[in-house]
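Here is a short briefing for a reader meeting this structure for the first time. Please look over the sequence and the model, then read on.

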Amino acid sequence: MRKKGYKGRCEKRALAKCKEVCRTYDAIQSAYADILQGCEEVTEFRCNVLLASLPEGEYTSDFVCVKAGGDLMVRECVSRRFLLKPMTVRLLDASRNYWLRHGVSDWGLVIDGEK
């Protein structure tokens, strides 16, 4: 999850399964975009999708994917070192609840490996 209008370093790539330019802001997002591109179960995906009218502010979900059956899958990328920070936990809960309200039950985290 990122704040809308995040000003950090951005890598822009054209990927076949992403209908718009895929903008990734860290190594976790970039690596997961590559995984989604190669995954046969995923037919298309969008990056940095705005969570409309979130009480916590204007934030985006990292990946919203359409699976072969038409179901949606949402993935949030987070670094392991931020997992237990109260703000991160609050934002991830807000994202999960937002997507549950919109009928998406396949919500999950993408976490970087241990160092």
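How do the residues of the lining of the largest pocket divide into nonpolar, polar and charged? They divide into 11 nonpolar, two polar and four charged. Keep in mind that this is a predicted model. The protein has two helices and seven strands.

**Overall build**

- From the N terminus on, the elements run β-β-β-α-β-β-β-α-β.
- The radius of gyration is 14 Å, close to the 13 Å that the globule rule gives for 115 residues, so the protein is as compact as a globular protein of that length.
- The C-alpha trace spans about 35 × 35 × 30 Å along the principal axes of the protein.
- Of the 115 residues in the protein, 41% are buried.

**The largest pocket**

- The largest pocket holds about 390 Å³ of space.
- Its lining counts 17 residues, and those closest to the pocket centre are Met 1, Arg 2, Cys 77, Val 78 and Phe 82.
- Two strands and two helices each supply at least two lining residues: β1 (2-3), β6 (72-78), α1 (27-38) and α2 (86-101).
- Helix α2 gives the largest share of the lining, with four residues.

**Helix α1**

- The 12 residues of α1 should span 16 Å at 1.5 Å a residue, because the expected span counts one less than the number of residues.
- The end C-alpha atoms of α1 are 17 Å apart, which agrees with that expected span.
- Asp 26 caps the N-terminal end of α1. One of its side-chain oxygens lies 3.2 Å from the backbone nitrogen of Ile 28.
- Ile 28 is also one of the buried residues of α1. The others are Gln 29, Ser 30, Tyr 32, Ala 33 and Leu 36.
- Gln 37 lies in α1 too. Its relative accessible area is 24%, so Gln 37 is partly exposed.
- Gln 37 and Asp 112 are 75 residues apart in sequence. In space they are 18 Å apart, C-alpha to C-alpha.

**Strand β6 and the loop after it**

- Val 74 has its place in strand β6. With a relative accessible area of 0%, Val 74 is buried.
- Val 74 and Arg 23 are separated by 51 residues in sequence and by 16 Å in space, C-alpha to C-alpha.
- Ser 79 lies in the loop between β6 and α2.
- Is Ser 79 buried or exposed? Ser 79 has a relative accessible area of 15%, under the 20% cut-off, so Ser 79 is buried.
- The side chains of Ser 79 and Asp 112 are joined by a polar contact of 3.3 Å.

**The loop between α1 and β4**

- Cys 39 is found in the loop between α1 and β4.
- Cys 39 counts as partly exposed, because its relative accessibility of 24% falls between the cut-offs of 20% and 50%.
- Cys 39 and Glu 11 are 28 residues apart in sequence and 21 Å apart in space, C-alpha to C-alpha.

**Positive phi angles**

- Which strand holds Asn 48? Asn 48 is found in strand β4 (residues 42-50).
- Asn 48 is not a glycine, yet its phi is positive, at about 50 degrees.
- Ser 53 is a residue other than glycine, and its phi is also positive, near 50 degrees.
- Ser 53 lies in the loop between β4 and β5 (59-67).
- The relative accessibility of Ser 53 is 72%, over the 50% cut-off, so Ser 53 counts as exposed.

Conventions:
Residues numbered from 1 in each chain as written. Predicted model: local features only at pLDDT ≥ 70, side-chain atom pairs only at ≥ 80, totals over all residues. Heavy atoms only, no water. 1 Å grid on protein atoms, 1.4 Å probe; cavity = no way out; pocket = protein on both sides within 12 Å on 5 of 7 lines; lining within 4 Å. Points joined across faces, edges and corners; volume = space filled by probe spheres on them. Nonpolar A, V, L, I, M, F, W, Y, C, P; charged D, E, K, R; others polar. Buried < 20%, exposed > 50% of the residue type's maximum accessible area, 1.4 Å probe, protein only. Polar contact = N/O pair within 3.5 Å; in protein donor to acceptor, adjacent residues only side chain to side chain. Rg over C-alpha atoms; globule rule 2.2 N^0.38 Å.
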